[in-house]
Amino acid sequence: MAVWALGINHTTAPLDLRGRFAYAIDQLEPALRGLRDALARRPEAAILSTCNRTEIYCAGEHSDIDSTFDWLAHSGGVPAHVLRSHAYTLKDAHAARHAFRVASGLDSMVLGEAQILGQMKDAVRVADQAGALGTTLNQLFQRSFAVAKEVRTSTEIGAHSISMAAAAVRLAGQLFEDLHKIRVLFVGAGEMIELAATHFAARNPKGIAIANRTLERGEKLATRFGGEVMRLADLPSRLHEFDAVISCTASTLPIIGLGAVERAVKARRHRPMFMVDLAVPRDIEPEVKALEDVFLYTVDDLAAVVQTGRESREAAVAQAEAIIDAGVQSFLHWLDQRGNVPLILQLNAQADEWRGAELSRAKKLLARGEDVDAVLDAMSRGLTQKMLHGAMAELHSADPVSRERAISAIQHFFLRKER
């Protein structure tokens, strides 16, 4: 079996290009069907899509990186040569190592962050539901989860890491003297917004509001943080009420436009607004960043903030890489053994056929009233003769090369001492 992976991430592609290839969780299953239909022999497949990366993992009898790459380029409406200049492709050991590093948080914008592990598990769950996850990819991902757990429990890789949400709070604190006096609006109600709201709520802001497409989910989050809930449709008319706006939805188009922010700034009499767009594709039109009284940050803008303390964890990274190396070698050994499965099945089937034939013969003799000891002795002799027939025939071969090969094989398989 061949394993291959390809994709783009925060280190290889700009935010707007990543946005062209972002898949919401409910888009993954149809995307997987389209991918597998486009490839010969319908390989195993899984798609991982987050704010910082979109990656495809496949396994099949033969690698088909070019066709997989062409499908991804077409799905994002981007010329293949443009995507190639920002993408990476990996095979076998390199693909496995990459998956293990991603799961362990070593390939993240936030070194050691744990959220990616949950996102990978979601991707595997969807691939399984879509019938796209076979034995090989399942082994790859389950082993990557085990490695990630060992990295987190055996090293300090996650110590002192600053999440995107914590980084947003830090930047807000640099703009506003007292976070107790600000009103914060969260747009969306997913995992990232929940994380951001948790960090901001810890600073006891003056007010918290949740704007979401479905009120039920928004109300649940608002109740947890003692805030109010509002409809997305009311956002343009109420935007001016908030000093900080944190947005992360699955919308494919911006939901906060330049015009709405301009009106909000005017209504605020040019008091500063702090805005964080954690969505990929963008939730806030990029032109907003040019407004004089607006401080807009994207996920890429937060990169410098979240690198704090990275140098102090170099020893932990080296330790984590050693754990990953061992995991990769274990997976490759398992993958290599998979090539022997057909032969093992064939050998077991042959042995079962011999055993069945001798057992049937023994039962007939016993039914005739033959002596039990004699029947058992005959059965054991018959089974032994069947098992040794091929080896004995090779020993009597006229070809000296065949005889030498048979002698070596017999000594190895039948006459060696137990190891």
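Ala, Val, Leu, Ile, Met, Phe, Trp, Tyr, Cys and Pro count here as nonpolar, Asp, Glu, Lys and Arg as charged, and the others, Gly among them, as polar. With those classes in hand, here are some close-ups of what is a predicted model.

**View 1. The second largest pocket has a lining of 12 nonpolar, 3 polar and 1 charged residues.** Its volume comes to about 540 Å³. A set of 16 residues lines this second largest pocket, and L347, W354, M387, A391 and F414 are the ones nearest its centre. Two or more lining residues come from each of α15 (341–367), α16 (372–395) and α17 (400–413). Look to α15 for the biggest share: this helix gives the most to the lining, with 6 residues.

**View 2. The largest pocket is lined by 36 residues.** Here the volume is about 970 Å³. Start in the middle of the largest pocket, where A24, I25, C248, T249 and A250 lie nearest the centre. Then work outwards to the elements: β2 (44–49), α6 (115–129) and α9 (191–201) each supply at least two residues of the lining. Of the elements, α6 gives the most, with 5 residues. By class, the lining of the largest pocket splits into 18 nonpolar, 13 polar and 5 charged residues.

**View 3. Helix α6 packs on helix α7.** We met α6 in the lining of the largest pocket; now see it beside a neighbouring helix. The axes of α6 and α7 are 11 Å apart, and the angle is about 165 degrees. That makes α6 roughly antiparallel to α7, and the crossing is left-handed. From α6, the contact takes in L117, M120, K121 and V124, while α7 brings F141, S144, F145, A148 and R152. Sorted by class, the residues of this contact are 6 nonpolar, 1 polar and 2 charged.

**View 4. Helix α7 (residues 135–154) also packs with helix α14 (residues 314–338).** The angle for this pair is about 160 degrees, with 10 Å between the axes. So α7 and α14 are roughly antiparallel to each other. This time α7 passes its partner α14 in a right-handed crossing. On the α7 side, look for T135, T136, Q139, L140, R143, V147, E150, V151 and S154. Facing them from α14 are Q319, A320, I323, I324, G327, S330, F331, W334, L335 and R338. The contact of α7 with α14 has 9 nonpolar, 7 polar and 3 charged residues.

**View 5. Helix α5 (residues 92–103) crosses α14 at roughly 135 degrees.** The two axes come within 9 Å. That makes α5 oblique to α14, and the crossing is right-handed. Residues D92, A93, A96, R97, F100 and R101 of α5 make the contact with E321, I324, D325, G327, V328, F331 and L332 of α14. Counting by class gives 7 nonpolar, 1 polar and 5 charged residues for the contact of α5 with α14. If some names look familiar, that's no slip: I324, G327 and F331 of α14 are among the residues that meet α7, and they are also part of the contact with α5.

Note on methods:
Residues numbered from 1 in each chain as written. Predicted model: local features only at pLDDT ≥ 70, side-chain atom pairs only at ≥ 80, totals over all residues. Heavy atoms only, no water. Axes fitted to C-alpha atoms, helices over the stretch in contact; angles between N-to-C directions. Helix = DSSP H or I, 4+ residues; strand = E, 2+ residues; numbered from the N terminus. Parallel < 35°, antiparallel > 145°, perpendicular 65-115°, else oblique. Left-handed = near helix turned anticlockwise from the far one by under 90°. Contact = heavy atoms within 4.5 Å. 1 Å grid on protein atoms, 1.4 Å probe; cavity = no way out; pocket = protein on both sides within 12 Å on 5 of 7 lines; lining within 4 Å. Points joined across faces, edges and corners; volume = space filled by probe spheres on them.
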